[in-house]
Amino acid sequence: MRILIYGAGVLGSVLGQLLMQKKHEVTFLARGKRADQLEQKGLVIRHHFQRKTTTDHPRVIRTLEPNDRYDLIFTVMKYSDIEAVLPVLAANISEHIMMVGNNPNIAATEKQLKALANSDKHLAFGFQVGGGIRREDGTVVSLRFGKGQLIAGGLRGEPAFLPLLQEAFANSNAKFTLHSDIDGWLKNHIVPIVPLNAAWHIHNGDLKAIARDKRLLKQIVAAMGEGFDQLEAAGYSMVPAGQAKAIRRYKNILPTLLSFYHRLPAAKLIDGSFAEIEALDQEFRNLTTSSETQTPNWSHLLKYKIIT
């Protein structure tokens with residue numbers, strides 16, 4: 001199977017490496033320094049918990065040409081970058097596109113792509129689960145226990161090209177999990193993501209400072225609760241229901257757990273883009289404009305970083 005990983009960042013690198021173990025023909029689209037690294041040193045991944053380093057040598061391209069056909073294209077990028085790649089995907093003849101990453105409005109993304117395309121495009125959406133990762137001088141550091149996992153689905157349920165996705169992941173070190181409401185799952189997923197990453201940037205990545213900041217930790221948890229309240233008030237379901245329930249039920253002990261987490265060595269390996277957090281926040285506000293629920297803690301976390 002010919003597979004393209006559009007986006008050779010940290011998440012795309014790990015996903016591509018997992019799919020390569022199935023002996024698929026995996027190509028990475030990368031540019032600039034990252035393309036040079038892949039061409040010269042290969043795909044180098046340090047598996048943190050497994051205490052090993054792997055090196056693979058995938059094919060690398062810098063441009064997706066209109067007539068370059070792939071059985072599957074996986075786009076793996078930040079939400080703030082998605083709109084820029086849609087015209088390139090629309091011009092390409094490949095039909096099956098799996099968009100991986102934070103995206104609280106997959107309906108808008110699908111509508112945009114299909115409006116631009118001259119041929120049929122079949123889309124699926126999902127999120128790669130298995131721990132945070134980052135890149136260090138060309139080497140990707142992976143935080144993954146056991147198999148990697150991709151939670152995915154289509155806007156209206158089962159993706160049209162589900163057999164292709166199942167074949168891509170069959171007997172590999174990556175588990176493919178079909179979700180009946182991936183739209184709801186992705187909307188709910190950004191509720192904890194935005195406050196946590198906003199807090200990371202408030203202290204400029206100083207995790208010890210976050211761990212000691214009791215007021216900030218309480219504000220993170222309170223912001224999560226406000227986010228779920230906003231979604232519910234706007235008419236969206238809690239998916240999975242247990243996530244919102246747990247954050248609401250254990251809001252008094254979660255700050256302590258977050259403090260402990262930010263003191264762990266593994267937390268140092270997680271990095272985030274504030275450009276993506278701002279984009280997710282804006283989309284979240286667009287989706288919940290009908291809600292009259294107040295979000296003082298959520299707003300403060302975002303406002304603090306923007307004005308400093």
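In what follows, Ala, Val, Leu, Ile, Met, Phe, Trp, Tyr, Cys and Pro count as nonpolar, Asp, Glu, Lys and Arg as charged, and the others, Gly among them, as polar. The structure described here is a predicted model.

**Helix α8 and its pocket**

By that division, the lining of the second largest pocket comprises four nonpolar, three polar and five charged residues. This pocket holds about 200 Å³ of space, and its lining is made up of Lys218, Val221, Ala222, Gly225, Glu226, Asp229, Ile247, Arg248, Lys251, Asn252, Pro255 and Thr256. Two or more lining residues come from each of α8, α9 (241–249) and α10 (254–261), and the largest share, six residues, belongs to α8.

**Packing of α8 against α6 and α9**

Helix α8 (residues 214–233) meets helix α6 (residues 182–202), their axes coming within 9 Å and crossing at roughly 155 degrees. Because angles over 145 degrees count as roughly antiparallel, α6 and α8 are placed in that class, and their crossing is right-handed. On the α6 side the contact is formed by Lys187, Asn188, Val191, Pro192, Pro195, Leu196, Ala199 and Ile202, while α8 contributes Leu216, Ile220, Ala223, Met224, Gly227, Phe228 and Leu231.

With α9, the axis of α8 comes within 10 Å and crosses at roughly 135 degrees, and the two helices are therefore oblique to each other. This crossing is left-handed. The residues of α8 that take part are Val221, Met224, Gly225, Phe228, Asp229 and Glu232, and they meet Gln243, Ala244, Ile247 and Arg248 of α9.

The two helix contacts are set out by residue class below.

| Contact | Nonpolar | Polar | Charged |
|---|---|---|---|
| α6 with α8 | 12 residues | two residues | one residue |
| α8 with α9 | five residues | two residues | three residues |

Some residues recur across these descriptions: Met224 and Phe228 of α8 are named in the contact with α6 and also in the contact with α9. Val221, Gly225 and Asp229, which α8 brings to the α9 contact, are likewise among the residues lining the second largest pocket, as are Ile247 and Arg248, which belong to the α9 side of that contact.

**Enclosed space**

Rolling a probe the size of a water molecule over the atoms shows where empty space is left. A search of the whole structure returns two cavities of 30 Å³ or more. The second largest cavity has a volume of about 40 Å³, and Thr75, Met77, Ile82, Met99, Val100, Gly101 and Asn103 line it. Its lining divides into four nonpolar and three polar residues, with no charged residue, whereas the lining of the second largest pocket includes five charged residues.

Definitions and conventions
Residues numbered from 1 in each chain as written. Predicted model: local features only at pLDDT ≥ 70, side-chain atom pairs only at ≥ 80, totals over all residues. Heavy atoms only, no water. Axes fitted to C-alpha atoms, helices over the stretch in contact; angles between N-to-C directions. Helix = DSSP H or I, 4+ residues; strand = E, 2+ residues; numbered from the N terminus. Parallel < 35°, antiparallel > 145°, perpendicular 65-115°, else oblique. Left-handed = near helix turned anticlockwise from the far one by under 90°. Contact = heavy atoms within 4.5 Å. 1 Å grid on protein atoms, 1.4 Å probe; cavity = no way out; pocket = protein on both sides within 12 Å on 5 of 7 lines; lining within 4 Å. Points joined across faces, edges and corners; volume = space filled by probe spheres on them.
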